[in-house]
Amino acid sequence: MRGRWKGCAFTYSFSNADPVRYIGTDRFLDTVDCPGPECYQSFGRYNAFVMEKWRNGETRPVMAEFYNWYGKGHETDLRGFWQNAIHGKCFYNFALHQIFGQPSWYYRWSWEPGRWEKAQEVFRRVRAHEDLYAVSPSAANVAVMGSERSSVAFKEQVYYQVSTLVRTDQNLLAVWTALQESQIPADVVFAETATARKLAKYDVIYLTDAKLLTDAEGAVLRDWVKAGGTLIAE
């Protein structure tokens, strides 16, 4: 599914608050041009976390579906637009009629005047400084690590299309957020895709679910620790 044709790119949208439903989902990340998680939140820390999670430490764009009707006003709308530009490197809006300068007949209740100008502000600034917002390798030397098995095994409640966050994902989000607020850039990586090459750039890894590692994944982490890495594991 890789490749572009006439300006088009392949994406895959995870329509879920917790994108991990089935083991093996992480393999999509390396077969599409741009994963597109849908997390039913537009401007909070979790939205940025999900985009970094599906970047999986690699140099790739991520499209996070943006829900304008959850915005509390233009400040949060603007924050959501910028999160997509900074963390996702691209933009996907659930319904463009929520942004346009004039309301449409459809879902008019989710439209607000002035939102179009806020979107333009972000797009124009990014276009004027494309080199600052291009997809580039992460400079983080810290990573928080989870696994698909933990998300599936500890899933507590499933609603129509939406799953509540599970404890292991809450742990990941809390640690990642704390690191960001401490001015420590950190990647989010999957244990299933951990290799010696991928882990070599990190000095510290925080692991939320050590008991669910496979023997092969554990061996990769042991070799990384022997090489000088610092592992903090639950």
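**Exercise 1. Decide whether Q183 is buried or exposed, and describe its backbone.**

Solution. Start with the surface value: Q183 has 69% relative accessibility, so it counts as exposed. The cut-off for exposed is over 50%. Keep in mind as you work that this is a predicted model. Next, find the residue in the chain: Q183 sits in the loop between α6 and β6 (187-190). Now look at the backbone. Phi of Q183 is near 65 degrees, a positive value in a residue other than glycine. Why pause at that sign? Most residues other than glycine have a negative phi.

**Exercise 2. Do the same for N56: is this residue buried or exposed?**

Solution. At 4% relative accessibility, N56 counts as buried, since buried means under 20%. N56 also belongs to a loop, the one between α1 and β3 (65-66). Its phi is positive too, near 55 degrees, and N56 is not a glycine.

**Exercise 3. Work out how the axes of helices α1 and α6 are oriented to each other.**

Solution. Two numbers help here, because two packed helices are described by the angle between their axes and the distance between the axes. First, the axes of α1 (residues 45-53) and α6 (residues 167-181) come within 10 Å. Second, they cross at roughly 100 degrees. Angles of 65 to 115 degrees count as roughly perpendicular, so α1 and α6 are roughly perpendicular to each other.

Then see who meets whom. From α1 come R45, Y46, A48, F49, E52 and K53, and from α6 come D169, L172, L173, W176, T177, Q180 and E181. Sorted by type, the residues of this contact are six nonpolar, two polar and five charged.

**Exercise 4. Check the span of helix α8, then find which of its residues are buried and which are exposed.**

Solution. Take the span first. Helix α8 (residues 215-226) has 12 residues, so at 1.5 Å a residue it should span 16 Å. The end C-alpha atoms are 16 Å apart, which agrees.

Now the sides. E217, G218, L221 and W224 of α8 are buried. These four cover an arc of only 120 degrees around the axis, so they lie on the same side of α8. On the other side, D215, A216, R222 and K226 are exposed. Following α8 comes G228, with a positive phi near 120 degrees.

**Exercise 5. Say how many helices and strands the protein has, and what share of its residues is buried.**

Solution. Count the elements: the protein has eight helices and eight strands. Of its 234 residues, 47% are buried.

Methods: Residues numbered from 1 in each chain as written. Predicted model: local features only at pLDDT ≥ 70, side-chain atom pairs only at ≥ 80, totals over all residues. Heavy atoms only, no water. Axes fitted to C-alpha atoms, helices over the stretch in contact; angles between N-to-C directions. Helix = DSSP H or I, 4+ residues; strand = E, 2+ residues; numbered from the N terminus. Parallel < 35°, antiparallel > 145°, perpendicular 65-115°, else oblique. Contact = heavy atoms within 4.5 Å. Nonpolar A, V, L, I, M, F, W, Y, C, P; charged D, E, K, R; others polar. Expected span 1.5 Å × (residues − 1). Buried < 20%, exposed > 50% of the residue type's maximum accessible area, 1.4 Å probe, protein only. Arc of directions from axis to C-beta.
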